[in-house]
Every structure is written in structure tokens, then in C-alpha cells.
Amino acid sequence: MYRRFGEVDAAETSPLYERVAVALSESEEALRAIAAAPARKRHPRVILAALHDLALAGRAPALAAAYAASDNEAAAPAAIDTLVGMTDLVVATAARRRPRAHATGRCAVLYPAIAEAARRAGARAVGLIDLGCSAGLNLSVDRVGITYSNGQSLGDPASPVRQSASIVGDRPLPAQAMPEVVARVGVDLEPLDVTDADDARWLRACVWPDQPEQMARLEAELALAATAPPLLLQGDAVELLPGALAHVPTDALAVVTTTWALSRFPLERRLRFLHRLDQAAAGRTVAWVSAEGVGVAPAIPTLGDRRASGHSILGLAVLDRSVLRAEAVGRCWSQGRLLAWLAGS
Ligand SMILES: C[S@@+](CC[C@H](N)C(=O)[O-])C[C@H]1O[C@@H](n2cnc3c(N)ncnc32)[C@H](O)[C@@H]1O
């Protein structure tokens, strides 16, 4: 598994992790240490993040120095030494944590869809609820500055966080700004609190050490989120949705967002999620903006695209007194780095 991870998964993007993973695969001692972790926590992504976490915490200085210098040759023995010498700590971190996706940079696709939801609902204020929120970075969507390859820009031009996306096709994005955001609520089975040093370090630890751009993006988004941290609710998103909605003032439009999260829910839970939205919309207008793989978000049209075709559908559903209007307003690729806007104005 480690050799394969190094030679296949890491090879293209991280020469450092390629070298380290292959070195671990060739060390009997390292493999024995990895075997001390629970079976489902032995994956390279978890163990390597746990090692990185120790390095960032200042507990593995040789490994930290090799990672900071992107020194592949020094990193391999340092990783083995750390793993073998601190097996209990590595295993404890791996057992407690799950590897996190790089949940940065989603705002370029979310912003125009949320603004469009607000326009359609005639809303003067919105309350954001992100389901499967991880660290809740999507909840800063109105506070980042976004530029698009067609010359449009959205969001806060003075923001220290800049995001961008390439526009595919010639249909412009809706130009209107998102109304004031009056609530930010994130729900996750294991939310990470950006104001908690351990949680923030774990997010950093999940970035591969020789990906400085990814790390810089994360640092900037963490710093911004920490200045207006969201309310985090821990638990199943479907169960907690009514409670989350209760945090949005009734005179604001509740906008539920999901980005690459629903695929983690069994189909039955996804349908139940839609049912819960529908129930909530009996008493107030609710919008749902989704960026999910083709066919993953229930009720959102697939435009005839094949499932697992490598791109995602940007969905917008507005539920008003339980009348559902669901539309595919865009396609996106590379988790939002490329966007084709499809909806008319
Ligand atoms: C692939 S990550 C996506 C995170 C983020 N939305 C993004 O765009 O990268 C899926 C997230 O959904 C969360 N999750 C999975 N099942 C869940 C559930 N039933 N209720 C709430 N969160 C869940 C996981 O903990 C994880 O943080």
C-alpha cells in the first residue's frame, strides 16, 4: 500500500511523499509500527499526516527540518526514525483523526450560486449553513476576493484571501453581490475549529509538506476564518439540519451549501436530507447550493452527463413553501478551479 501510494498517488504532485512512502514500505520496523494502528487507520494519508503533525508540533525536529527544506533524502530516514521512535504518539493521532481533504478554494463556485439564490428569493440577508463543513472555510465565502478569467470579480476586493477560477464557455456569471451574511453555521461529524491550535495544526498536517502554495492558501483562509469563526455543530448533517436552520433569523434566506460532501452520505441519507429541506421549507424559504459529482445531489439535473466523468455539477435549488425548483447552474472541474456557468439571468 505504501509503495503504491508513493509511486502512484504521490509521484506526480509530491516527490517528497513519494520518497518517504516508498522508504516506509521498505522498512520492516516502520511497517511493524504502522501495524500497531487500527486496521482502518494504517493508510499512508493518515500516518503521513500524523507524522507531519508531530513535525509541526515541534516534537520531531529532524523530520521538521527535512520537510521544511523539502529534502527528500533526509526526510525518508527521519520519517522512519520518528515513526519507530514515537509509534504510540503517531498511532494515537492517527486513531483520533481523519485525513482532511484540501477544503480551500471553493468560494469561486459558491459565490455566484449563493448570490443567484438570494436574487431569486428576493433576499436582503442570508444565513449560511454548510453541511459536511470540515473546518467551515466555505462559510467565509462573502469575505474573500474572487477573480475570474473572463475579467469578472466578485466578493470583497479588499480581502487578504484571493481566489480565482477559469471560466469555461462564454456565459457570464451573475454580477450581483451576495447580500449581508447574518449567520454562519457548519455541521460535520468531526468539525475542525480554526481557532483551536490542535485542529488548525491537523489541517496543516494534512497538506503535503512540499506543496507550499496549498499551505499558503490554507494559512490565509484559516486566518480569515478565525476573525469570524462559524458556529460549529457536531453530528449527522441530516439530523442536525433543523437545529442549524434555527440559527438563521427568519427574515434572512437560509442557504444550505454542500461541497463534495454528499457522496459520503449513503443514498438513503441523501434522500432524507432532501426530505428535511422540504420539511423546513414549509415554514420559510430555503435555498440549497451544491457542488457535487454528477448524479450525487438528489433532484439536481445531471444534464445528461455521465457519472464519475471527472467534473461536478453546481446545483441550485430554491424551496418555497415546499415547492422545489432545482436547476444545474454550472459545471465545474478541479473542485472549482474551472467553472462553466449555465444559468440565464
Ligand atoms: C470529502 S469531505 C468534504 C469537505 C468539504 N465540504 C470540502 O468541500 O472539501 C466530507 C466531509 O463530510 C463530513 N461528513 C461525512 N458524513 C457526514 C454526515 N453524515 N454528517 C455530517 N458530516 C459528514 C466528513 O466529516 C467530511 O468533513
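This is a short talk about the aromatic pairs, the ligand site and a few single residues in one structure.

Okay, hi everyone. One thing up front: what you see on screen is a predicted model, so please keep that in mind as we go through it.

Let me start with the ligand. How many residues surround the ligand? We get 15 of them, and the closest are Arg98, Arg106, Asp188, Asp236 and Thr259. As for where it sits, the space taken by the ligand is the largest pocket.

Now the polar atoms, one by one. Asp236, from that closest group, has an N or O atom in its side chain 2.7 Å from a nitrogen atom of the ligand. Leu189 joins in through its backbone: an N or O atom there lies 3.3 Å from a ligand nitrogen. Then there's Arg100, where an N or O atom of the side chain is 3.3 Å from an oxygen atom of the ligand. And how much of the ligand gets covered? On its own the ligand exposes 590 Å², and the protein buries 91% of that.

Right, on to the aromatics. Quick reminder for anyone setting up a ring analysis: a pair of aromatic rings is described by the distance of the centres and the angle of the planes. In this structure we have four aromatic pairs. I'll walk through two of them.

Pair number one on my list is Phe5 with Trp208. The ring centres are 5.6 Å apart and the planes sit at 65 degrees; the cut-off for edge-to-face is over 60 degrees, so that's what we call this pair. What parts of the chain does the pair tie together? Phe5 is in helix α1, residues 2–10, while Trp208 is in the loop between α9 (197–205) and α10 (212–227), so the contact joins parts that are 203 residues apart in sequence. Both partners are tucked away from solvent in terms of accessible area: Phe5 is buried at 2% relative accessible area, and Trp208 is buried at 9%.

The other pair I picked is Phe273 with Trp288. This one is also edge-to-face, with 5.0 Å from centre to centre and 85 degrees between the planes. Here the link runs from helix α12 (residues 267–280), which holds Phe273, to strand β8 (residues 286–293), which holds Trp288, and the two residues are 15 apart. Are these two buried or exposed? Phe273 is at 0% relative accessibility, so it counts as buried, and Trp288 is buried at 0% as well.

Back to Phe5 and Trp208 for a second. They belong to one aromatic cluster together with Tyr17 and Tyr67. Tyr17 is in helix α2, residues 15–25, and with a relative accessibility of 2% it counts as buried. If you're after a long-range C-alpha distance, Tyr17 and Ala75 are 58 residues apart along the chain, and their C-alpha atoms are separated by 8.9 Å.

Next, some backbone angles. Most residues other than glycine have a negative phi, and most peptide bonds are trans. So which residues go the other way here? I have two to show, Ser134 and Leu303. Ser134 has a positive phi near 55 degrees. Ser134 is in the loop between β1 (125–131) and β2 (145–148), and it's buried, at 10% relative accessible area. Leu303 has a positive phi of about 60 degrees, and that's not a glycine either. Leu303 is in the loop between β8 and β9 (312–320), but Leu303 is partly exposed, at 37%.

Two polar contacts inside the protein before I stop. Ser159 is in the loop between β3 (153–155) and β4 (162–167), and its side chain reaches the backbone nitrogen of Val161 at 3.0 Å. At 6% relative accessibility, Ser159 counts as buried. Asp199 is in helix α9, where its side chain makes a polar contact with the side chain of Arg97 at 3.0 Å. Asp199 is buried too, with a relative accessible area of 12%.

Last slide: Gly243, in helix α11, residues 237–245. Gly243 counts as partly exposed at 36% relative accessibility. The C-alpha atoms of Gly243 and Leu233 are separated by 9.0 Å, with their positions 10 residues apart along the chain.

That's my lot. Happy to take questions.

Technical notes
Residues numbered from 1 in each chain as written. Predicted model: local features only at pLDDT ≥ 70, side-chain atom pairs only at ≥ 80, totals over all residues. Heavy atoms only, no water. Phe/Tyr/Trp six-rings, centres within 6.5 Å; stacked < 30°, edge-to-face > 60°. Helix = DSSP H or I, 4+ residues; strand = E, 2+ residues; numbered from the N terminus. Buried < 20%, exposed > 50% of the residue type's maximum accessible area, 1.4 Å probe, protein only. Near = heavy atom within 4 Å. Polar contact = N/O pair within 3.5 Å; in protein donor to acceptor, adjacent residues only side chain to side chain. Areas by Shrake-Rupley, 256 points an atom, 1.4 Å probe, with all protein chains shown as cover. 1 Å grid on protein atoms, 1.4 Å probe; cavity = no way out; pocket = protein on both sides within 12 Å on 5 of 7 lines; lining within 4 Å. Sits in = over half its atoms within 2 Å of the grid points.
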